[in-house]
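Got your viewer open? Let's take a walk through this one together, one selection at a time.

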Amino acid sequence: MIKFEFDCLTEGCDSEVRFSQEGALGDKEIVCPGCGRTYSLPPELREKVRLLDGLIRDLRRARPILGRTSVVIDLEGHQVKIPYYLLLTRLTSELALDLEGEDLKLRCLATPFSGENGAVELDIGKK
Ligand SMILES: [Zn+2]
């Protein structure tokens, strides 16, 4: 289950509010552990969370082939091969959202190539 978090929007509360895509789509309310404020994501935000969740899952599923694919760029007459996975590790997992007029920066706690603890787990195989 991929977890997401954002900083609570209540002034003076510096808690991080965590939830999963499944939780946000279900009946469960998203509750701040610090101040108890409840959040409910409107349908358009749920859809964005669902898309980000799906993108990360798809990239993880494609991991076995990503180590063997690359992008070739021409750099001053030399062709340089950049492995796809290297580009994708630079993909930000932060999504800027607008929740009832407030800026909400949603972070995904797992990047496409990391586990829950953020450690990169990538098997690019041997050539
Ligand atoms: Zn709070």
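Which residue in β2 is the bridge partner of K3? Select K3 and look across to β2: the partner is S20. Before you go further, keep in mind that this is a predicted model.

**Stop 1: strand β1**

Now select all of β1, residues 3-7, and show the side chains. They alternate: F4 and F6 point to one face and are buried. On the other face you'll find K3, E5 and D7, which are not buried.

**Stop 2: the neighbours of β1**

Add β2, residues 16-20, to your selection. How many bridges join β1 and β2? There are 5, and the two strands pair in the antiparallel sense.

Next, bring in β8, residues 102-108. β8 also pairs with β1 in the antiparallel sense, this time over 2 bridges. You can pick out the partners yourself: click F4 and look for C108 in β8, then click E5 and look for R107 in β8.

**Stop 3: the whole sheet**

Time to add β7 and zoom out. In what order do the strands of this open sheet run? The 4 strands go β2-β1-β8-β7, with antiparallel pairing. At the edges sit β2 and β7 (94-99), each of which pairs on one side only. Look along the sheet and you may spot the twist, which averages 30° from one strand to the next.

**Stop 4: the β7-β8 hairpin**

Hide everything except β7 and β8. These two strands pair in the antiparallel sense over 6 bridges. One pair to click on is L95 with its bridge partner L106 in β8. The two strands form a hairpin with 2 residues between them. Select E100 in the turn: its phi is positive, at about 50°.

Is β7 well covered or hardly covered? Hardly covered: the count of buried residues among its 6 residues is 0.

**Stop 5: helix α2**

Bring the sheet back and select residues 43-61, which make up α2. This helix lies across β1, β7 and β8, and runs at about 170° to β7. α2 has 19 residues and reaches 26 Å from its first C-alpha to its last, close to the 27 Å expected at 1.5 Å a residue.

Colour the buried residues of α2, namely V49, D53 and I56. Where do they sit around the helix? They are on the same side of α2, because they cover an arc of only 60° around the axis.

Now spin the helix around. The face turned away from the buried side carries the exposed residues P43, E44, E47, L51, G54, D58 and R61.

Stay on E47, in α2, for a moment. Why does E47 count as exposed? Because it has 12 other C-beta atoms within 10 Å, and a residue is exposed if that count is 12 or fewer. Then use the distance tool from E47 to Q21: they are 26 residues apart along the chain, with their C-alpha atoms separated by 9.6 Å.

**Stop 6: a loop to finish**

Last selection: G36, in the loop between β3 (30-31) and β4 (38-39). Is G36 buried or exposed? It counts as exposed, because it has 11 C-beta neighbours inside 10 Å. Draw one more distance, from G36 to T10: these residues are 26 apart in sequence and 9.8 Å apart in space, C-alpha to C-alpha.

Conventions:
Residues numbered from 1 in each chain as written. Predicted model: local features only at pLDDT ≥ 70, side-chain atom pairs only at ≥ 80, totals over all residues. Buried ≥ 20, exposed ≤ 12 C-beta atoms within 10 Å, placed from the backbone. Pairing = 2+ DSSP bridges. Axes fitted to C-alpha atoms, helices over the stretch in contact; angles between N-to-C directions. Contact = placed C-beta atoms within 7 Å. Expected span 1.5 Å × (residues − 1). Arc of directions from axis to C-beta.
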